Every structure is written in C-alpha cells, then in structure tokens.
Amino acid sequence: MTIRVLVADDHAAVRAGIVLVLGGAGDIEVVGQAGDGEEAVAMARELRPDVVLMDVRMPKMDGISATRELAGVTDVLILTTFDVDEYVFGALRAGAAGFLLKNTDAESLVDAVRLVARGDGLISPAVTRRLISAFAEQPVRREPPTDLLTPREREVLACVARGLSNAEIAKELDMAEATTKTHVSRVLNKLGLRSRVQAAIYYSEGN
C-alpha cells in the first residue's frame with residue numbers, strides 16, 4: 001500500500017529536501033506541498049493524505065494550530081528544528097501522532113512516516129526523556145473513566161501506554177492487527193483523545 005504524504009514547511013529548500021528523501025522510498029508518495037499552516041489545513045482536507053509532515057514555525061497559521069485543526073482528519077508528524085518544551089508539549093496536546101527533529105537522518109524519517117501511517121506514535125529520542133520527566137512530575141489529576149471502555153479496550157489502552165505498536169499489541173493480546181487498530185480508534189474516540197501519544201499520557205496520569 002502506498003503511503004500518501006503532504007509536506008508542510010515555509011522554506012522551499014527544506015520542502016524539496018524532504019520530498020527528495022521520501023521519494024526514494026518506494027511505498028511513499030508526496031501528494032502535496034504547503035508553504036504555511038492555512039494552506040496545509042486546506043490541502044489536507046482536500047487531499048486526505050495518510051500523514052502530514054508539519055513544521056511548527058510557519059506564517060498565517062503555526063504548525064501546532066494547524067495540527068489541532070486536522071484532528072480526526074489525518075495523522076500529523078511534527079518535523080521541526082526546535083525541541084523546546086512549548087513546541088513538544090503543544091504539538092502532542094494538539095493531537096500530533098509524532099514529533100521529530102529536522103536533524104533526523106533520512107532512513108529514520110522514512111521509518112517514522114511508515115510508523116505513523118500504521119497508526120503508531122513516535123517521539124524523537126532527543127526529547128523523550130524530558131517529556132517523561134515533565135509528566136512524571138505532575139500530580140495525578142484523575143482516574144481514567146474505564147467504565148466507558150470494554151475490558152478488551154482497557155487492555156489495549158494499557159498496551160498503548162507502554163508504547164507498544166499495533167503489531168506488538170496484536171501479538172500480546174492474540175488478535176488481528178486490523179482488530180487492534182479498530183480498538184485503538186474506539187479508545188481514542190471514547191476518551192475524547194486525538195492520538196495514541198495523548199492516550200499514553202492520559203493513562204499515566206491516572207495510574
């Protein structure tokens with residue numbers, strides 16, 4: 001299956017580089033390029049790509065606001081030069097499926113796009129430790145409303161919180177990967193969450 005990607009970055013040279021990298025992967029097709037956040041949202045709604053590679057700092061509408069607008073429309077993978085906490089936390093709260101830095105090598109970028117397209121989450125190793133520490137320091141605010149979830153959905157949520165991919169969850173819970181993806185989607189919908197990264201954070205806050 002070909003993964004359809006939209007690249008959003010206000011620097012034409014950067015977009016060209018990303019397109020070149022992705023074009024070298026036989027299973028990825030760049031279906032559009034956007035130079036600002038508003039254009040990215042409009043093109044994503046029209047083209048319905050599998051993944052949007054989104055920069056943070058862009059004119060008209062920043063990448064985090066654009067990500068928020070695209071919740072439920074497509075999966076967004078943030079690709080930025082800046083790893084400041086404001087951007088990391090803001091992107092994940094907005095519903096980004098992943099967060100990568102632009103110094104990521106070509107192979108890792110392609111792998112990240114494939115992961116997000118499969119419905120998995122991804123956070124750059126450079127910011128993972130900081131993210132974990134920040135949330136570990138926060139007081140527990142609530143118990144997850146597990147009464148909204150079936151027993152199987154609660155098991156899936158616990159696996160998501162451990163960072164397991166859909167394939168790993170399917171293996172652990174002995175079910176088809178397609179069924180796993182359906183369960184993850186239902187968990188997100190029932191809990192009002194935008195991404196599996198948010199689901200992991202939500203679960204950790206209540207346990």
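Let me begin with one residue, Ile78, which, once residues up to four places away in sequence are set aside, touches Met54, Val56, Gly63, Thr67, Ala91, Ala96, Gly98, Phe99 and Leu100. Please keep in mind throughout that what we have on the screen is a predicted model, and that the positions I quote are counted from 1 along the chain.

Ile78 belongs to a wider group, since the largest nonpolar core has 28 residues, and Ile78 is listed with Val52, Met54, Leu70 and Phe99 as those having the most contacts inside it. The elements that each give two or more residues to this core are β1, α2 (37–47), β3, α3, β4, α4 (85–94), β5 (98–101) and, from much further along in the numbering, α10 (196–205). Which element provides the largest share of this core? That is α4, with six residues. There is also a second, separate core of 19 residues, and among its members are Ala25, Leu53, Val110 and Val113. As general background, nonpolar side chains in soluble globular proteins tend to be buried together.

Stepping back to the whole chain for a moment, we have 10 helices and six strands, and 47% of the 207 residues count as buried. If we take the contacts between residues at least 6 apart in sequence, 64% of them join residues at least 24 apart.

Now to the strands, where I would start with β1. Strand β1, residues 3–8, pairs in the parallel sense with strand β2, residues 28–34, over six bridges, and the chain gets from β1 to β2 through helix α1, residues 12–23, in a β-α-β crossover that is right-handed. Within this pair, Ile3 has Ile28 as its bridge partner in β2, while Val7 stands opposite Gln33. β1 also pairs with β3, again in the parallel sense, over four bridges, and here the bridge partner of Val7 is Leu53. β1 is mostly covered, in that five of its six residues are buried.

Just past that strand, in the loop between β1 and α1, we find His11. Is His11 buried, partly exposed or exposed? His11 is partly exposed, because its relative accessible area is 47%. Its C-alpha atom is separated by 9.7 Å from that of Ala34, although the two residues are 23 apart along the chain.

The next residue I would like you to look at is Asp55, which sits in the loop between β3 (51–54) and α3 (63–69). UniProt, in an unreviewed entry, lists Asp55 for "modified residue: 4-aspartylphosphate", and I would ask you to take that as a statement from the record. In the model, Asp55 counts as buried because its relative accessibility is 4%. Leaving aside neighbours within four places in sequence, Asp55 is in contact with Ala8, Asp9, Asp10, Gly63, Leu79, Thr80 and Lys102.

One of those contacts, Thr80, deserves a closer look. Thr80 lies in strand β4, residues 75–80, and counts as buried because its relative accessibility is 0%. With residues up to four places away in sequence not counted, Thr80 touches Asp55, Val56, Phe99, Leu100, Leu101 and Lys102.

Finally, let me turn to two helices later in the chain. In helix α7, residues 151–161, the buried residues include Glu153, Val156, Leu157, Cys159 and Val160. Why do they lie on the same side of α7? They do so because they cover an arc of only 160° around the axis. Just after α7 comes Gly163, which takes a positive phi of about 85°.

Helix α8, residues 166–173, can be described in a similar way, with Asn166, Ile169, Ala170 and Leu173 as its buried residues. These cover an arc of only 100° around the axis, and therefore they are on the same side of α8. In general, an α-helix has 3.6 residues a turn, so residues three or four places apart point the same way. Just after α8, Asp174 takes a positive phi of about 55°.

Definitions and conventions
Predicted model: local features only at pLDDT ≥ 70, side-chain atom pairs only at ≥ 80, totals over all residues. Heavy atoms only, no water. UniProt positions renumbered as here; feature names shortened; annotations may be inferred. Buried < 20%, exposed > 50% of the residue type's maximum accessible area, 1.4 Å probe, protein only. Contact = heavy atoms within 4.5 Å. Pairing = 2+ DSSP bridges. Right-handed = clockwise from strand over helix to strand, strands pointing away. Core = buried A, V, L, I, M, F, W, Y, C linked by side-chain atoms within 4.5 Å. Arc of directions from axis to C-beta.
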